[in-house]
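Thanks for coming. I will go through one structure today, starting with a pair of helices and then stepping back to the whole chain.

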Amino acid sequence: MTSEQLLRFKELLSVPTKTYSEDMMVSYLESVLNGMDGVTFWKDGMKNLYATKGLLGEDEFYPMFIAHTDTVHQLVDQINVLEGKSSLPPTFGKTFPSDEIHDILYALDNNNNPTGIGGDDKSGIFICLELLRTLDKVKIGLFVSEETGCHGSSKCDLDFLSDVGYVVQYDAPGGHLITEVCSGVRLFENDGEFINRVLPVIEESMGNKMMLQSHPYTDVSQLKMKSDISCINISCGYYNMHTPKEFISIQDVDKALKSGHAIVNELGYNKFKYEYVKPTYPKYSLWEDTEFEDDNVDVFDFESENIKIKEDSDGIVIKSLITGEEIFLYNEDCFDLYEYLQNKLSDSFEY
């Protein structure tokens, strides 16, 4: 990351934003977009921002990059963005060597209390803006109020997608994750041309083997359900997400940015179609015997020595491989458990 990029990134990170209180961020982004040569943009009634750069040739389609403008953190008078160094905490299935030290950005308020830097999803916004600066032909979408259910992207302007060839979101923690199923929606064809072409270039850019995962929800699932476009969501370098001790790895953000260029270099201005077909899920209950039925359904499936987890449209089933007992957790309970585990991990982690 260049010194100029780092300055732009720190300025963006210093803008307070929280779900339903995003006016400062949206206004800031409008001023940034106004200052970009060759970029046209507009804002819809939800305050989603849509920007376009370059003119397409015959039979060409835009690559599109997206992020969301809200965070979960409480608004403070001042976000002081600081640089430091840190090892990385365990993050979604990956443990990092203790001697692997990253240059990081973290945030304190005026009382020197950690306030959460909002890398989820300011890191994604930064990557989208930098790609808009440097690519010749590109679209970006910046959607409001993702954190409580993708409210902005659920109202996405579908005409804006009519000449888009594929969509890339940067809204996953760490530097090793790719979302293939989101909110029960498969984002791209399993073993299809799209993923078979982008996975090698993403892994080369990120410098490690990527883990394909199921993501509870983010904006790209809304765009997938509303279009015939292949979509993907990729890590963008934030850690301890949704906690006051959230921080950003500068190296991982830089790698994610390079992956955006690599994806466009590989896929060009072509369209990669993938039709979303709503799957039929078996229904589970706490009070009835549970069976894992359709092995061909695109759902999250995880097994360790002690437990097996299977995704349902309304939640997950957790089965003990020791006792054979099963419990069902609704999605809202999963989100509460997710927040608790994130806080538990961050409590034991120091910069």
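**Two helices, then the chain**

Let's start with helix α1, residues 3–13, and helix α2, residues 23–34, which pack at an angle of about 150° with their axes 11 Å apart. Keep in mind that this is a predicted model. Two packed helices are described by just those two things, the angle between their axes and the distance between the axes. Angles over 145 degrees count as roughly antiparallel, so α1 and α2 are roughly antiparallel to each other.

Which residues make the contact? On α1 they are R8, E11 and L12, and on α2 they are M25, Y28 and L29. Sorted by type, the residues of this contact are four nonpolar, two charged and no polar. As a general point, an α-helix has 3.6 residues a turn, so residues three or four places apart point the same way.

Next, helix α3, residues 119–134. How far apart should its ends be? At 1.5 Å a residue, its 16 residues should span 22 Å, and the end C-alpha atoms are indeed 22 Å apart, so the two agree. Is α3 enclosed or open? Buried residues number 14 of the 16 in α3, so this helix is largely enclosed by the rest of the structure.

Now the whole chain. The protein chain has 17 strands and seven helices. Of its 351 residues, 54% are buried. Among contacts with a separation of 6 or more, 74% join residues 24 or more positions apart. Finally, the accessible surface of the chain is about 15,900 Å², and carbon and sulfur atoms account for 48% of that.

How values were computed. Residues are numbered from 1 along each chain as its sequence is written. This is a predicted model: local features need pLDDT of at least 70, side-chain atom pairs count only at pLDDT 80 or more; totals for chains, interfaces and linings use all residues. Side-chain values use heavy atoms; hydrogens and water are left out. Helices (H or I, at least four residues) and strands (E, at least two) are DSSP runs, numbered from the N terminus. The expected span of a helix is 1.5 Å times one less than its number of residues. Buried means under 20% relative accessible area, exposed over 50%, partly exposed in between (1.4 Å probe, protein chains only). Axes are lines fitted to C-alpha atoms, for helices over the stretch in contact, and angles run from 0 to 180 degrees between N-to-C directions. Angles under 35 degrees count as roughly parallel, over 145 as roughly antiparallel, 65 to 115 as roughly perpendicular and the rest as oblique. Contact means heavy atoms within 4.5 Å. Ala, Val, Leu, Ile, Met, Phe, Trp, Tyr, Cys and Pro count as nonpolar, Asp, Glu, Lys and Arg as charged, and the others, Gly among them, as polar. Accessible areas come from the Shrake-Rupley method with a 1.4 Å probe; for residues, only the protein chains shown count as cover.
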